[in-house]
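These are my notebook entries on one protein model. I set down what I looked up, in the order in which I looked.

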Amino acid sequence: MFTLVRSRVRTAALALSAVAALAFGATATTGASAAPAPSPAPAPASAPAKQGPTSVAYVEVNNNSMRNVGKYTLADGGDNVFDVAVIFAANINYDTTKKSAYLHFNENVQRVLDNADTEIRPLQQKGIKVVLSVLGNHQGAGFANFPSQQAASAFAKEMSDTVTKYGLDGIDFDDEYAEYGNNGTGQPNTSSFVHLVSALRANMPNKIISLYNIGPAASRLSYDGVDISTKFDYAWNPYYGTWQVPGIALPKSKLSPAAVEIGRTSQSTAADLARRTVSGGYGVYLTYNLDGTDRSADVSAFTRELYGSDAVYTP
């Protein structure tokens, strides 16, 4: 059986009681940390470019280190297995006093950001892009219910400012767990996500914006003559162990119909999904929950099909 929605029933969001306790304190806001901003991202080291789809690795940073993404290379040629590493996950929270959404980092996400020189820069030096995923947090705030263009633009600025401050390579949208309507918030509307993504793309024209293709936002990509589909760099299937082409007007090179959970999706299924990716001409292969264990057997199951090489794990 495949994993629906994910097994991530929200360590990333923390327990609801802990979220409630932090929601209005200084530690809940983007500017909460007193730590100085890490140094800017260095230029990646030159390396031979592998041939094949872009491989993406989500990392649950409540439990695992981002550094794990850089520990896998191809036996043939030594290239990185993974091209994009996703920090999972920041949250979109709701301030009931101000009646507005804000960007929240739990203590583990904040730790990764504050320690960018050891958690993020080593990946970027290898040529791996590092993206921050943003996720709902059961408080009623979501990407699809901003009440105005101004409100959407304000949240977009919080995200782009975070990318700049911590030297990240982009933002990933994951419209799960918002629980629209909580705390008196509105239901999804047609303009919200269009305004949000348009503003974010204007703020960071050369950064990655990706779509985890789930939730009300994913089905609200056009408004008043504006279609934001082409503002995304990537979109992927959200159901692990399955094949599902995202319903967004992007070329195959930017889509991942395959999705696997490393360690839970069988190696045979991962290999089959990789073969379908290549034979179908798709340009992205999505993985979730890379941990600190030697997963070279699981990873090799798909790298053999994607790149014609086993994967090597270097602790």
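Entry 1. Why is strand β5 (residues 129-136) largely enclosed by the rest of the structure? I worked from a predicted model. I looked up the burial of each residue in the strand, taking buried to mean under 20% relative accessible area. Seven of the eight residues of β5 are buried, so the rest of the structure largely encloses this strand.

Entry 2. I next looked up which strands pair with β5. Strand β3 (residues 84-95) runs parallel to β5, and seven bridges join the two. As one example, I noted that Val84 has Lys129 of β5 as its bridge partner. Strand β6 (residues 170-174) also pairs with β5 in the parallel sense, over four bridges. Here I noted that the bridge partner of Val134 is Phe173 in β6. I then followed the chain from β5 to β6: it passes through helix α5 (residues 149-166), and this β-α-β crossover is right-handed.

Entry 3. I turned to β6 and asked how many of its residues are buried. The count is five of five, and I recorded β6 as mostly covered. For the two sides of the strand I kept a general rule in mind. In a regular strand, side chains alternate between the two faces of the sheet. On one side of β6 I found Gly170, Asp172 and Asp174, and on the other Ile171 and Phe173; all of these are buried, and both faces are therefore covered.

Entry 4. What else pairs with β6, and how many bridges join them? Strand β7 (residues 208-212) runs parallel to β6, with five bridges between them. Gly170, listed above on one side of β6, has Ile208 of β7 as its bridge partner. The chain goes from β6 to β7 by way of helix α6 (residues 192-203), in a β-α-β crossover that is right-handed.

Entry 5. Finally, I looked up values for the protein as a whole. I recorded nine helices and 15 strands. The protein has 315 residues, and 55% of them are buried. Among contacts with a separation of 6 or more, 78% are between residues 24 or more positions apart. The accessible surface comes to about 12400 Å², and carbon and sulfur atoms account for 51% of that surface.

Entry 6. To close, I drew the strands together. β5 is joined to β3 by seven bridges and to β6 by four, while β6 is joined in turn to β7 by five.

Technical notes: Residues are numbered from 1 along each chain as its sequence is written. This is a predicted model: local features need pLDDT of at least 70, side-chain atom pairs count only at pLDDT 80 or more; totals for chains, interfaces and linings use all residues. Side-chain values use heavy atoms; hydrogens and water are left out. Buried means under 20% relative accessible area, exposed over 50%, partly exposed in between (1.4 Å probe, protein chains only). Two strands pair if DSSP finds at least two bridges between them. A crossover is right-handed if, with the strands pointing away from the viewer, the path from the first strand over the helix to the second runs clockwise. Contact means heavy atoms within 4.5 Å. Accessible areas come from the Shrake-Rupley method with a 1.4 Å probe; for residues, only the protein chains shown count as cover.
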